[in-house]
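Trainee: I should be grateful for a close look at a single part of this model, set against the chains around it. Please define each term when it first appears.

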Amino acid sequence: MALRLADGLTLYFARHGETEANVEKRFQGHTSDTPLTEKGLWQAQEIASIIAKCVTDPATLSYVSSPLHRAERTMEIVRATLGLPADGFATDPRLIEIDLGAWDGLTHAEAKARFPEAYKTREADKWNVDVPGGGENYKSVAERLESFIGDLSADTFAISHGAATRILRGLFAGMTWQQMSALDEPQGVVFSVRGSVVVRHDPA
Amino acid sequence: MPDFRAFTLYVVRHGECEHNAAGWAAGHDDSPLTERGRGHARANGRALAEMADLAALDFFASSLHRACCTMELLREAAGLPATGYHADRRLMEGDIGDHSRLPATDMLRYPNESPDMWEYVHPDGESVAQVHARVGRFLKTLKRDSVLVSHALTSSMIRAHYLNLSPEEALRYHMPNAGLLRLSMGTETLFGE
């Protein structure tokens, strides 16, 4: 059964702008938070320009971010670019990135080399198998995102993360975990949701 | 067999035809594109050439005249030969049988006779559920990113399969004659509104 947003509501969401770890293609979960790059700062402004086009009065939206620095920094720039006080947003731990446990900060190749068995087991079932060292599985991320969606009662703009937004899009589209795993993780674009239909908005 | 939801689909409705301009429901009752409709097709061809790698795409049209004509104008405007696409009957518009050439707005009335808009079968025609099923069978045959030129109901059914929509949500959509709907990575984007 696909996830559905309550009738009449619109949710806008985006991934944070590009970080240094993204450039180095390293797993970035809860502990290896790195600064936004120049490109990442610019992507945050692009996100603001898309919101300004989609929403007549951006001041009427609720703004909520993952509590990780890269997401909050993106949110501050989005709000400042929209002419709103940079710090006037809430944070919600349910929007945080998947916990990548012992793999945080590693490249895929490094994780595979250091944890060959765990890497293989997880590849076979990302929905149920936790990342080793206290990490999460997709199911746990899906449950907290569904809880976040279920609690929404106003039009909202949210900033989250690569894996978390893939899983969220997959939940709305009723996808399998394999399909969620194969989705892209674009930065500097906005997704909007009404009902269970997710629309992608690119910068002009 | 890869799932078609792994591919990007560019969904186009035929340009405005004479029945559309007259406000008639068409179904399988074909009519030529209007000059305005030929413009819709060409605009979609130019938009497609800008956003996609044409050499990596397969091209499919409904086998109705107005869809094939739209496909050929679209391909020429994109810089491709007019031919070089497949026509497929499973992309034809829903068959509304005896209700062809009635005012398009009347179509909303008939399902009220039987309250189920999804299962209602037009006299000598099809139900939405049947169109949904044949479009689903077609989508399973796709092998890579594709351009699909079809019709209002057919486009809604392609979208419903791709986005995994309930019947109620699927029927809420109306595909315009102008504009190109990109279905990619579980999301949709309408270009050229």
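**A helix and its surroundings**

Mentor: In chain B, 41% of the 193 residues count as buried, a residue being buried if 20 or more other C-beta atoms, placed from the backbone, lie within 10 Å of its own, exposed if 12 or fewer do, and partly exposed in between. The model is predicted: local features need pLDDT of at least 70 and side-chain atom pairs count only at pLDDT 80 or more, while totals for chains, interfaces and linings use all residues. Residues are numbered from 1 along each chain as its sequence is written, and chains are lettered from A and ligands numbered from 1 in the order in which they are written.

Chain B holds 7 helices and 6 strands, where helices (H or I, at least four residues) and strands (E, at least two) are DSSP runs numbered from the N terminus. The radius of gyration of chain B, 16 Å, is close to the 16 Å of the globule rule, so chain B is as compact as a globular protein of its length; the radius is taken over C-alpha atoms, and the rule is 2.2 Å times the number of residues to the power 0.38.

Chain A has 204 residues, of which 43% count as buried, and it contains 8 helices and 6 strands. Its C-alpha trace spans about 50 × 40 × 25 Å along the principal axes. The radius of gyration of chain A is 16 Å, which agrees with the value near 17 Å for a compact globule of 204 residues. Contacts (C-beta atoms, placed from the backbone, within 7 Å) often span the sequence: among those in chain A between residues at least 6 apart, 71% join residues at least 24 apart.

The part chosen for the close look is helix α7(A). It is mostly covered, with 10 of its 11 residues buried; among them are A:R166 and A:R169, together with A:I167, A:L168 and A:F172. The helix is followed by A:G174, whose phi is positive, near 65 degrees.

How do the axes of α6 (residues 138-151) and α7 (residues 162-172) of chain A meet? They come within 10 Å and cross at roughly 70 degrees, the axes being lines fitted to C-alpha atoms over the stretch in contact and the angles running from 0 to 180 degrees between N-to-C directions. The two helices are therefore roughly perpendicular, a term for 65 to 115 degrees; under 35 is roughly parallel, over 145 roughly antiparallel and the rest oblique. On the α6(A) side the contact includes A:V141 and A:L145, and on the α7(A) side it includes A:A164, A:I167 and A:L171. By class, this contact has 9 nonpolar, no polar and 1 charged residues; Ala, Val, Leu, Ile, Met, Phe, Trp, Tyr, Cys and Pro count as nonpolar, Asp, Glu, Lys and Arg as charged, and the others, Gly among them, as polar.

A:I167 belongs to a wider setting. In the largest nonpolar core, A:I167 and A:I51 touch the most other members of its 98 residues, such a core being a set of buried Ala, Val, Leu, Ile, Met, Phe, Trp, Tyr and Cys residues joined through C-beta atoms within 7 Å. Helix α6 (residues 152-163) of chain B gives the most to this core, with 7 residues. Beyond its neighbours within four places in sequence, A:I51 is in contact with residues including A:Y12, A:F157 and A:V190.

Between the chains, 11 residues of chain B are in contact with 17 residues of chain A. Strand β6 (residues 187-191) of chain B supplies the largest share of the chain B side, 3 residues. That side has 4 nonpolar, 4 polar and 3 charged residues.

Notes. Contact = placed C-beta atoms within 7 Å.
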